[in-house]
Amino acid sequence: MSRKSLRVDDSLETYLEELLAEEPDVLVRLRDETSRLEYANMQIGWEQGRLMTLLLRCLGAQNTIEIGVFTGYSTLVTALALPDTGRVVACDINEEWTGIATRYWREAGVAGKIDLRIGPASDTLDVMIADGEAASYDFAFIDADKTGYDTYYERCLELLRPGGLIAIDNALWDGAVADAADDSADTRAIRALNTRIARDPRVEAFLAPVGDGVHLAWKR
Ligand code: SAM
Ligand code: CA
C-alpha cells in the first residue's frame with residue numbers, strides 16, 4: 001500500500017464507471033446535443049457532476065453561484081441537487097449557448113431555480129455585492145475565462161457564508177500547470193490562483209484530481 005493516490009488505468013476506469021450512479025436522462029440528452037457543437041469539450045463530465053451533487057447535498061446548499069454556463073450542464077446538475085427553494089445565479093456572456101441551456105432547464109422542471117445573468121461575470125458579482133448579498137451564498141462553481149479566475153475567486157469568497165465552498169474547474173489545465181515551459185496567459189492565471197488558494201488563510205483547500213482538476217476552497 002502507498003500513501004499516494006492510485007493511478008486510474010483503463011480497467012479501474014471501467015470499474016468506477018460501473019459503480020457511478022446513473023446520469024439522469026435529461027443530462028444525457030443535453031450532453032448529446034452539446035456534443036455536436038465545436039466547443040463541446042468545455043462541458044464537465046458526469047463523474048464531476050456526481051461529485052458536485054454530493055458536495056451540494058453535504059452543504060445543505062440553498063443559494064449558489066455558477067460562473068460559466070455554456071449549454072447549462074453544470075448549472076443543471078446544481079439545480080437538480082438543490083431543494084425546491086434553492087437558487088442558482090448563473091453568469092455567462094453568450095446568449096446562443098445559454099439559449100440551449102434554458103431549454104433543458106425548463107424540460108427538467110428547474111428553470112424557476114435559475115437566475116441567468118447575461119454579461120461579464122465580474123460585473124454581475126459586483127452588483128450582487130453592492131446589493132448586500134455578501135456572506136449569503138453556500139456554493140460557487142467557477143468555470144469561465146481563466147484570466148478572470150482570480151477576480152471571480154475574490155468576489156465569490158466575499159459572497160460566500162463562512163462554511164461555504166468554492167469549486168474551481170480546470171485547476172490542472174490538462175497538465176499544463178506542471179509544465180514549466182507552458183507560459184500562456186491561461187496557464188499562468190490558473191497556476192497563480194492554485195498557489196494562492198493553497199496558501200490562503202481564509203480557506204481550507206484541496207485540489208481534487210477529478211476531471212481536469214477541481215480546486216475546492218472551504219471558507220473558514
Ligand atoms: N460549466 C459549463 C459546463 O459544465 O457545461 C462550461 C462553461 S465553459 C468552460 C465557459 C463559459 O464561460 C462559456 O460559456 C463562456 O461564454 C463563458 N464566459 C467567458 N467569459 C466570460 C465572462 N467574462 N463572464 C461570464 N461568462 C464568461
Ligand atoms: Ca471547465
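**Calcium site, salt bridges and two odd backbone angles**

Q: Which residues does S74 touch, not counting those up to four places away in sequence?
A: S74 touches I44, M52, E66, G68 and F141, with residues up to four places away in sequence left out. Contact here means heavy atoms within 4.5 Å.

Q: What kind of model is this?
A: It is a predicted model, in which local features need pLDDT of at least 70, side-chain atom pairs count only at pLDDT 80 or more, and totals for chains, interfaces and linings use all residues. Residues are numbered from 1 along each chain as its sequence is written, chains are lettered from A and ligands numbered from 1 in the order in which they are written, and side-chain values use heavy atoms, with hydrogens and water left out.

Q: Back to S74. Where is its place? Buried or exposed?
A: S74 is in helix α4. Helices (H or I, at least four residues) and strands (E, at least two) are DSSP runs, numbered from the N terminus. S74 is buried, at 4% relative accessible area. Buried means under 20%, exposed over 50%, partly exposed in between (1.4 Å probe, protein chains only).

Q: Now the calcium ion. What are its protein donors?
A: For the calcium ion (ligand 2) they are D143 (OD), D143 (OD), D169 (OD) and N170 (OD1), lying 2.2 to 2.9 Å from it. Donors are N, O and S atoms within 2.8 Å of the metal (3.2 Å for Na, K and Ca); water is not among the atoms, so sites may look incomplete.

Q: What spacing do the donors follow along the chain?
A: The spacing is D-x25-D-N. D143 and N170 link distant parts of the chain, 27 residues apart. D143 is in the loop between β4 (137-142) and α7 (149-159). N170 is in the loop between β5 (160-169) and α8 (185-199).

Q: D143 and N170: buried or exposed?
A: D143 is buried, and so is N170.

Q: What about D169? Which side chain of opposite charge is nearest?
A: K146, 5.7 Å away. D169 is buried yet has no salt bridge. A salt bridge is a side-chain nitrogen of Lys or Arg within 4 Å of a carboxyl oxygen of Asp or Glu. For charge, Lys and Arg count as positive and Asp and Glu as negative; His and the chain ends are not counted. D169 is in strand β5.

Q: And what does D169 touch?
A: Beyond residues up to four places away in sequence, D169 touches I44, Q48, F141, I142, D143, Y149, G213 and V214.

Q: How many salt bridges are there in the whole structure?
A: A search finds 16. One of them pairs R31 with E23, at 3.2 Å, N to O. R31 is partly exposed at 24% relative accessibility, while E23 is buried at 18%.

Q: What does E154 pair with?
A: R202, with the closest N and O atoms 2.8 Å apart. E154 lies in helix α7 and R202 in the loop between α8 and β6 (203-208), so the pair ties together parts that are 48 residues apart in sequence. Each is partly exposed: E154 has a relative accessible area of 23%, R202 one of 36%.

Q: And R188, which partner?
A: D183, with the closest N and O atoms 3.2 Å apart. Elsewhere, salt bridges that share partners join D150, E154, R196, D200 and R202 into one network.

Q: Switching to backbone. What is phi of F70?
A: Near 55 degrees, a positive value in a residue other than glycine. Most residues other than glycine have a negative phi. F70 lies in the loop between β1 (63-67) and α4 (73-81). F70 is buried, at 8% relative accessibility.

Q: What is F70 in contact with, aside from neighbours within four places in sequence?
A: T34, L37, Y39, A40, M42, Q43, D92, W97, T98 and A101. The C-alpha atoms of F70 and D143 are separated by 9.4 Å, and these residues are 73 residues apart along the chain.

Q: What about phi of A135?
A: It is near 60 degrees, also a positive value in a residue other than glycine. A135 is in the loop between α6 (121-130) and β4. At 43% relative accessibility, A135 is partly exposed.

Q: Last one. Which residues make the nonpolar surface patch?
A: V8, Y15, L16 and L19, with an area of about 410 Å². Patches are made of residues with over 30% relative accessible area and no salt bridge; like charges are joined within 9 Å, nonpolar side chains (Val, Leu, Ile, Met, Phe, Trp, Tyr) within 5 Å. Accessible areas come from the Shrake-Rupley method with a 1.4 Å probe; for residues, only the protein chains shown count as cover. L19 lies in helix α1 (residues 10-19). L19 is exposed, at 61% relative accessible area.
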